[in-house]
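Subject: Structure for you to look at, with notes

Dear colleague,

I am handing over the structure we spoke about, and below it you will find my notes on what was found. Please read them with the model open beside you.

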Amino acid sequence: MPACFPARRFAAAGLLALTMTVAAPLAPALLGAPPAQAAEKGVFFPESFTLSNGMQVVVIPNHRVPVVTHMVWYKVGAADEERGQSGIAHFLEHLMFKGTDAIQPGEFSRIIAKNGGRDNAFTSYDYTAYYQNVARDRLEMVMRMEADRMANLKLTDAVVYPERDVIIEERRQRIENEPADRIGEQINATLFVHHPYGTPVIGWPQEMSALTREMAEHFYKTWYTPNNAILVVSGDVTAAELKPLAERYYGAIAARPVPERKRVTEPPLTSSRQVVLRDEEVRQPSVRRIWTAPSYRQDQDGQAYALQVLAEIMSGGTTSRLYRSLVVDQKLATSAWLGYGPTAWDMATLSVGASPAAGVPMDKLEPALWAEVDKLLKSGVTEEEVATARKRMLASAAYARDSLTGPAQTLGAALATGQSIDDVENWPVRIDAVTADQVNAAARAVLSQTNHVTGLLLPPTGKDS
Amino acid sequence: MSVRHISMRSGVAAVFLAIVAIALPAHAMDIKRVVSPGGIEAWLVEDHKVPVLALEWVFDGAGGTDPQGKEGLANIASTMLDEGAGPYDSQAFQARLQDKAIALGFESGRDGFGGSMRTLAENREEALELTRLALTEPHFAPEALDRMRASVMASLKRDLADPNYVARRQFYATAFPDHPYGGENRGSLDSLPTITPDDLRTFVKGQFGRDRLVVTAAGDISPEDLGKALDKVFGGLPIKADAKPISDVTMSGLGQTILLPRPTAQTVMLMGQPGVKRDDPDWYAATVMNYVLGGGGFGSRLMEEVREKRGLSYGVYSYLIPMDHTALVMAGGSTVNAKAGQALDIMRQEWARMAKDGLTDQEMADAKTYLTGSFPLQLGSTQAIARILLQVKRDKLGIDYLNQRDRYINAVSQADVKRVAQRLLDPAKLLTVLVGRPEGVSPTRTIDGGS
């Protein structure tokens with residue numbers, strides 16, 4: 001039916017409760033395999049090859065509709081910025097639409113659109129990606145255009161500085177308009193005291209307004225090379241069809257040395273910290289606590305997979321531990337969750353949170369929430385809980401290939417954060433192998449750290465509803 | 001790290017485009033009309049390449065008007081159908097869905113009450129049975145009702161901190177006073193506590209009827225099996241519903257500029273005036289016009305003038321909202337408070353320019369190639385295909401519509417666009433809602449008390 005109200009235009013994480021569930025684990029798959037059997041390797045069944053200049057190419061054939069998703073991922077993001085230039089990775093992403101000798105400023109998206117396509121780009125801590133969704137007969141056109149701006153970006157002050165105003169407005173819109181977004185940024189900045197993951201991807205406002213064309217050009221020249229990029233194409237194409245095109249357009253660009261990704265590490269921290277935001281706009285309070293946790297790349301002993309199973313047990317729907325205890329049985333909360341997303345170059349985070357039911361003061365909800373964490377640490381999860389969680393994760397993963405863009409997104413993000421295709425394809429096998437002992441060991445390793453940050457989003461004092 | 005940290009160049013409004021842009025090349029899909037042994041009709045795109053089945057349905061006109069004092073009833077019903085049904089209590093029902101990765105969901109709107117189900121083919125029978133139970137034997141246990149009520153009330157409170165929500169609420173309340181389109185679908189903190197399990201039972205009994213049912217399916221199922229599935233899931237429903245459709249309405253508040261002062265960093269702007277309904281002969285002309293005006297993201301006139309040339313906003317856009325009993329043409333965006341007056345003036349000037357001059361030939365040509373060429377991009381998943389079918393079937397566009405759509409779009413002439421632009425777009429008649437601390441605007445009314 002027609003929507004009476006347009007949905008929010010931006011998929012920004014507006015609610016504490018949504019932040020991590022959006023970052024859900026890879027949604028990989030075991031197509032058609034009955035859950036009772038042992039899981040087998042294979043999620044997206046991609047093909048891959050490398051061009052002579054070092055650019056990796058990944059193809060995920062899907063011949064359902066004659067369209068393709070074409071993505072170029074650069075292995076650079078906000079965490080690779082020079083200190084004092086926060087936001088430059090994202091600013092450059094915007095400026096990549098400002099033209100080359102072949103394409104006039106602002107024409108890139110217009111050309112895609114008049115060819116019946118859609119395009120966009122996004123920046124994270126560890127990667128920057130550009131994509132076009134087009135009919136398969138326009139694939140060569142978008143490859144030519146994307147390769148052109150990999151090598152030939154031309155920036156002028158006349159196009160750069162109005163765009164700086166745009167990213168400042170973007171920051172206001174995404175972060176500053178809503179208290180839930182503001183506290184999210186500040187919780188993150190408190191958790192990471194030294195590592196660049198504590199600096200927002202979009203940048204701090206005082207540094208964003210001082211970003212220059214020269215900084216953007218320097219970042220571009222330093223990081224945007226074919227050997228630092230990954231081409232991912234999903235849709236109605238085969239590797240044999242794609243290879244000559246990839247050689248012609250991307251293979252023609254010379255490789256250049258790229259700096260090693262060297263990020264500072266966190267100092268040893270032992271104190272817990274609390275971030276409190278009281279604001280007139282807050283009518284529905286919430287609490288969350290966040291810990292650092294291993295990412296896939298940093299994971300030494302399979303903890304990342306165990307933590308995903310833990311998230312399913314604690315937070316997978318209304319039969320999960322947290323929902324059952326706090327929402328159904330104790331009636332203290334309207335939502336309760338545990339979120340974990342292991343796709344990161346450096347460390348990941350794990351968080352636990354809840355929103356109180358009407359009339360429940362935060363000082364009653366909080367102890368009940370932490371009691372669930374304590375119970376987990378003390379008594380652990382059972383083999384039965386783990387078996388149910390594994391079964392559900394493998395079953396829902398079977399939808400992974402029923403999508404055009406999803407597989408390209410998942411593989412691109414994985415490869416840009418240090419995983420291999422083999423890692424991604426083995427996800428079902430690794431999830432299927434997780435035991436209760438592993439979940440309990442991983443839970444203890446993360447949740448017994450004392451250097452967590454607790455964030456409280458509250459109405460002004462005296463207005464607690 | 002993870003998705004929550006991603007910052008995008010633009011969250012291009014696919015949701016708006018989806019309303020506007022339905023086109024399909026002839027080669028893409030073979031739509032079958034299936035009639036079950038019990039006489040229930042559905043459209044099907046059969047596709048065995050992926051072992052997934054998606055079913056989409058709507059009870060047309062159901063839940064359009066909540067009873068006085070029970071506002072939010074239809075929406076609560078949409079949250080309660082999967083909270084225990086048949087032999088299963090809430091936890092058991094949810095566990096069965098989760099164990100088999102079956103997605104079952106319901107949605108209430110003023111024009112109908114919809115549902116969707118997605119399952120792996122191997123779990124089809126269980127998925128159909130759970131869907132049948134949810135529709136015909138829901139428990140409506142008091143415990144679950146209290147929980148869902150609390151959740152809806154929390155979401156209402158949470159939304160009050162979102163200036164976009166506050167703007168939308170004010171816009172619709174002003175545009176449609178005393179009409180269901182003007183009310184909050186989820187009800188209010190006052191009305192929700194009055195809703196009882198008996199209200200829900202009465203709702204389901206009266207609103208779900210086979211005379212209102214529109215169903216589509218896509219994926220791994222044969223027409224024959226779909227026929228059986230239709231009878232199984234929907235065959236037990238009453239033949240006729242009592243649902244009374246809501247009345248036609250034309251928006252009010254034309255020419256008003258309403259300010260809700262809020263201590264936000266930006267001013268959120270939302271404006272609109274009467275638009276074209278889906279069956280309006282000028283629908284396609286309006287679609288082309290809207291694409292150029294502000295529906296097309298980068299390259300649209302609003303985006304070009306407000307963002308690209310002047311950097312006043314991260315995004316401004318326009319869109320058509322066709323409803324069953326009214327229609328709107330809308331525009332919106334957000335901008336720094338100090339420049340709100342300037343941004344608003346530019347948007348109104350573009351509104352007037354379109355009404356006066358229509359499109360250039362280049363704009364016309366580019367709009368047509370986009371609107372016809374981009375459609376297959378929406379067919380990426382089984383569920384997306386079933387959803388698009390449902391929209392076409394519900395709007396009574398005909399089973400061959402997807403093959404005709406390019407032709408309708410390409411037939412739009414400059415004179416058509418000019419006519420519809422002149423008919424629809426008049427900046428003096430826009431209802432404008434501003435939330436923030438805008439400078440350089442003269443509101444006709446200021447509503448304090450936001451916070």
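In chain A, among contacts between residues at least 6 apart in sequence, 82% join residues at least 24 apart. Please keep in mind throughout that this is a predicted model, and that the values below are computed from it.

**Chain A as a whole**

The secondary structure of chain A comes to 17 helices and 11 strands. The radius of gyration of this chain is 23 Å, close to the 23 Å that the globule rule gives for 465 residues, so chain A is as compact as a globular protein of that length. Taken along the principal axes, its C-alpha atoms fill a box of roughly 65 × 55 × 55 Å, and buried residues make up 57% of the 465 residues.

**The two domains of chain A**

The domain assignment divides chain A into domain 1, covering 33–249, and domain 2, covering 273–458. Their centres, taken over C-alpha atoms, are separated by 27 Å, and the contact between them takes 37 residues from domain 1 of chain A and 39 residues from domain 2 of chain A. On the side of domain 1 that touches domain 2, at least two residues each are supplied by β2 (56–61), β3 (67–74), β5 (128–135), α6 (179–191) and β6 (229–235) of chain A. The largest share of that side, 8 residues, comes from α6(A). By residue type, the side of domain 1 of chain A that touches domain 2 of chain A divides into 21 nonpolar, 11 polar and 5 charged residues.

UniProt, in an unreviewed entry, lists residues 211–392 of chain A as "domain: Peptidase M16 C-terminal". In the model, the C-alpha atoms at the two ends of that span lie 47 Å apart, and the span is 40% helix and 21% strand.

**Two places to look at in chain A**

Helix α2 of chain A, residues 88–95, is mostly covered, with 8 of its 8 residues buried. The buried residues are Ile88(A), Ala89(A), His90(A), Phe91(A), Leu92(A), Glu93(A), His94(A) and Leu95(A), and you may wish to step through them in the viewer.

The other place is Ala348(A), which is found in strand β10 of chain A, residues 348–356. Is Ala348(A) buried or exposed? It has 27 other C-beta atoms within 10 Å, and because 20 or more are needed for a residue to count as buried, Ala348(A) is buried. Ala304(A) is 44 residues apart from Ala348(A) along the chain, and the C-alpha atoms of the two are separated by 9.3 Å.

**Chain B as a whole**

Chain B has 15 helices and 13 strands in its secondary structure. A compact globule with 451 residues would have a radius of gyration near 22 Å, and chain B, with 23 Å, agrees with this. Its C-alpha trace spans about 60 × 50 × 50 Å along the principal axes, and 61% of the 451 residues count as buried. Of the contacts in chain B with a separation of 6 or more, 84% are accounted for by residues 24 or more positions apart.

For this chain too there is an unreviewed UniProt entry, which lists residues 194–370 of chain B as "domain: Peptidase M16 C-terminal". The end C-alpha atoms of that span lie 49 Å apart in the model, and the span is 41% helix and 23% strand.

**Two places to look at in chain B**

Helix α6 of chain B, residues 163–175, has 13 residues and reaches 18 Å from its first C-alpha to its last, close to the 18 Å expected at 1.5 Å a residue. This helix is mostly covered, since 11 of its 13 residues are buried, among them Pro163(B), Tyr165(B), Arg168(B), Arg169(B) and Phe171(B). What do the buried residues of α6(B) pack against? They pack against α5 (142–159), β8 (257–261), β9 (266–274) and β12 (431–436) of chain B.

Gly86(B), by contrast, lies in the loop between α2 (73–80) and α3 (90–99) of chain B. With 16 C-beta neighbours inside 10 Å, Gly86(B) counts as partly exposed. Leaving aside its neighbours within four places in sequence, Gly86(B) is in contact with Leu133(B) and Glu137(B). The C-alpha atoms of Gly86(B) and Leu254(B), 168 residues apart along the chain, are separated by 50 Å.

With best regards

Terms used:
Residues are numbered from 1 along each chain as its sequence is written. Chains are lettered from A and ligands numbered from 1 in the order in which they are written. This is a predicted model: local features need pLDDT of at least 70, side-chain atom pairs count only at pLDDT 80 or more; totals for chains, interfaces and linings use all residues. Helices (H or I, at least four residues) and strands (E, at least two) are DSSP runs, numbered from the N terminus. The expected span of a helix is 1.5 Å times one less than its number of residues. A residue is buried if 20 or more other C-beta atoms lie within 10 Å of its own, exposed if 12 or fewer, and partly exposed in between; C-beta atoms are placed from the backbone. Two residues are in contact if their C-beta atoms, placed from the backbone, lie within 7 Å. UniProt positions are given in the numbering used here, feature names are shortened, and annotations may be inferred rather than shown by experiment. The radius of gyration is taken over C-alpha atoms; the globule rule is 2.2 Å times the number of residues to the power 0.38. Domain bounds come from an automatic or database domain assignment. Ala, Val, Leu, Ile, Met, Phe, Trp, Tyr, Cys and Pro count as nonpolar, Asp, Glu, Lys and Arg as charged, and the others, Gly among them, as polar.
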